[in-house]
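Grab a pencil and open the structure viewer. Each exercise below gives you a task, and the solution then walks through it step by step.

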Amino acid sequence: MAGDCYIGIDVGTGSARAGVFDAKGAMLGTAKADITLHRDPGGIVEQSSAEIWAAVCGSVQRALAASGVGADRVAGVGVDATCSLVLIGADGAGVPVGTSGDASRDIVVWMDHRALDQTARINATGHAVLAYVGGIISPEMETPKLLWLKEHLPASFEAARHFLDLADFLTWKATGSLARSTCTVTCKWTYLAHEDRWDASYFREIGLGVLADEGFARIGTEIVAPGTALGHGLTAEAAEAMGLRPGTPVGAGLIDAHAGGVGTVGADGAPGTVTSRMAYVFGTSACTMSSTREPGFVPGVWGPYFAAMIPGLWLNEGGQSAAGAAIDRMVRGHPAYAEAAAQASGMSVPGWLAARIEAAHDTLSDCAKAAGPMVVVPDFLGNRSPFADPGARAVIAGLGMETGLEDLAAQYVAGVCGLGYGLRQIVEAQAANGVAVDTIVISGGAGASALVRQLIAD
């Protein structure tokens, strides 16, 4: 029978997930697998591509089993992932990205901040390409990380046959195609999609001229729109690992937040239009996505990127490097965390706190007042937008000697409100530079509880 169902694969910071959906978007089955983060001093955060690929394949198999859908009904596979950097050697195996020398740790995770010095030097060039990343490149992007590898791990840099964004790595593993998505290379690698080219002068000026000399073979010579069918579909090996049919179509991927942005700004029934809505995609970090018909240059807000999320439109991408991670950091570090976890009875502590606070207050304003005198600036991983300061640090003001559940709840509310204030700063910076929105649509996983949505939107 003709395929009438689809598989979506989402690789976040802490887990890989797969879902089986019918043609109307109803989810028929889902599964997930946790993935490991390896942290070392100096802002280093690494992962394993082999572990992630195994987690993806296992999740697809379990999601299919849960759905009751046979492989013959799957019409296509879509992929999104974090904007992490993967190094692959000539033999297809991983290349170590850290001083541990562990070849299984072949991914520099998006939140890795090892390349602060390289980032500063790149920004000091003032190269014209930087206008398309908000004027200031971030250590979360790929060219500073590549420069760090070239300078600190030259053997790994030389051994890498391919440098891939994680979403492009997954589609390569699935199909054998090395085509890169416009989304990944434009948003994180400085590809100029509006001109269909890499800027060789940029790479030469920042110290990565070897990539230009090679004709950009290691970072991508075939750039395609997200969703483009790649290669001949699933290879026999990938199909067997996933429990699907060889040849099942696989689309070029998206960065995870951008996939959320497509679903959010394009949602049926949402007020406004695609160009008047801002998507606020909440997860470990949080991203704002605003689409315009003409390019809008906003200092400190990434972009404008052409056709990186929606065909034919420009994208401004802001956000907060720590969102769900900031809330988790505050909650876990509080003296009452163990007591809260015991009372949560299997719920996440932030979710339990949100329910507890809502039950105790009549209005949203009353919920916000539960923060009392406490104020939180949640920049645990620096400020992504609109100040573009990776050296910024979090502040928790108004602390007293209290250590109980009420104090934990106050800190939680103050943290969520702090994220809301940060969102307001992004909205105001965009409006001041001609990128105005009239509707904010919030989406995300468990971290984006109803209370989080309400407090941030307010």
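Is Ser-290 buried or exposed? Before you start: this is a predicted model, where local features need pLDDT of at least 70 and side-chain atom pairs count only at pLDDT 80 or more, while totals for chains, interfaces and linings use all residues. Residues are numbered from 1 along each chain as its sequence is written, and side-chain values use heavy atoms, with hydrogens and water left out.

**Exercise 1. Find out how Ser-290 sits in its surroundings.**

Step 1: Look up the relative accessible area. For Ser-290 it is 1%. The cut-offs are under 20% for buried, over 50% for exposed, and partly exposed in between (1.4 Å probe, protein chains only). So Ser-290 is buried.

Step 2: Place the residue. Ser-290 belongs to strand 14, residues 286-292. Helices (H or I, at least four residues) and strands (E, at least two) are DSSP runs, numbered from the N terminus.

Step 3: List the contacts, meaning heavy atoms within 4.5 Å. Leaving out neighbours within four places in sequence, Ser-290 is in contact with several residues, among them Arg-277, Trp-314, Asn-316 and Val-437.

Step 4: Check for a polar partner. The side chains of Ser-290 and Gln-430 share a polar contact of 3.1 Å. That term means a pair of N or O atoms within 3.5 Å; within protein, one must be able to donate a hydrogen and the other to accept it, and residues adjacent in sequence count only if both atoms are side-chain atoms.

**Exercise 2. Work out the strand order of the five-stranded open sheet and find its edges.**

Step 1: Recall the basics. Strands of a sheet pair through backbone hydrogen bonds, either parallel or antiparallel. Here, two strands pair if DSSP finds at least two bridges between them.

Step 2: Write the order, which is 4-5-8-7-9, with antiparallel pairing.

Step 3: Pick out the ends. Strand 4 (38-40) and strand 9 (160-165) are at the edges, each with a single partner strand, so one side of each has no neighbour in the sheet.

Step 4: Zoom in on one pair. Strand 5 (residues 44-47) and strand 8 (residues 107-108) are joined by two bridges, and Gln-47 has Ile-107 as its bridge partner in strand 8.

Step 5: See what lies across the sheet. Helix 5 (residues 166-175) lies across strand 7 (85-89), strand 8 and strand 9, at about 115 degrees to strand 9. Axes are lines fitted to C-alpha atoms, for helices over the stretch in contact, and angles run from 0 to 180 degrees between N-to-C directions.

**Exercise 3. Trace the partners of strand 6.**

Step 1: Start with burial. Six of the eight residues of strand 6 (residues 74-81) are buried, so this strand is largely enclosed by the rest of the structure.

Step 2: Take one partner. Strand 1 (residues 5-11) runs parallel to strand 6, and seven bridges join them. Asp-10 is bridged to Asp-80 there.

Step 3: Take another. Strand 12 (residues 254-255) pairs with strand 6 over two bridges, also in the parallel sense. Asp-80 turns up again, with Leu-254 as its bridge partner in strand 12.

**Exercise 4. Describe how helix 11 and helix 15 pack.**

Step 1: Two packed helices are described by the angle between their axes and the distance between the axes.

Step 2: For helix 11 (residues 324-332) and helix 15 (residues 405-432), the angle is about 160 degrees and the axes are 10 Å apart.

Step 3: Name the arrangement. Helix 11 is therefore roughly antiparallel to helix 15; angles under 35 degrees count as roughly parallel, over 145 as roughly antiparallel, 65 to 115 as roughly perpendicular and the rest as oblique.

Step 4: Find who touches whom. Helix 11 brings Ile-327, Met-330 and Val-331, and the helix 15 side includes Leu-408, Tyr-412 and Leu-419.

**Exercise 5. Hunt for backbone oddities.**

Step 1: Look for cis peptide bonds. One runs from Gly-303 to Pro-304, with omega near 5 degrees, and Pro-304 is in strand 15 (residues 302-306). Another joins Ser-385 and Pro-386, with omega about 0 degrees.

Step 2: Look for positive phi outside glycine. Ser-345 has a phi of about 55 degrees and is exposed at 63%. Ala-388 has a phi near 50 degrees but is buried at 16%.
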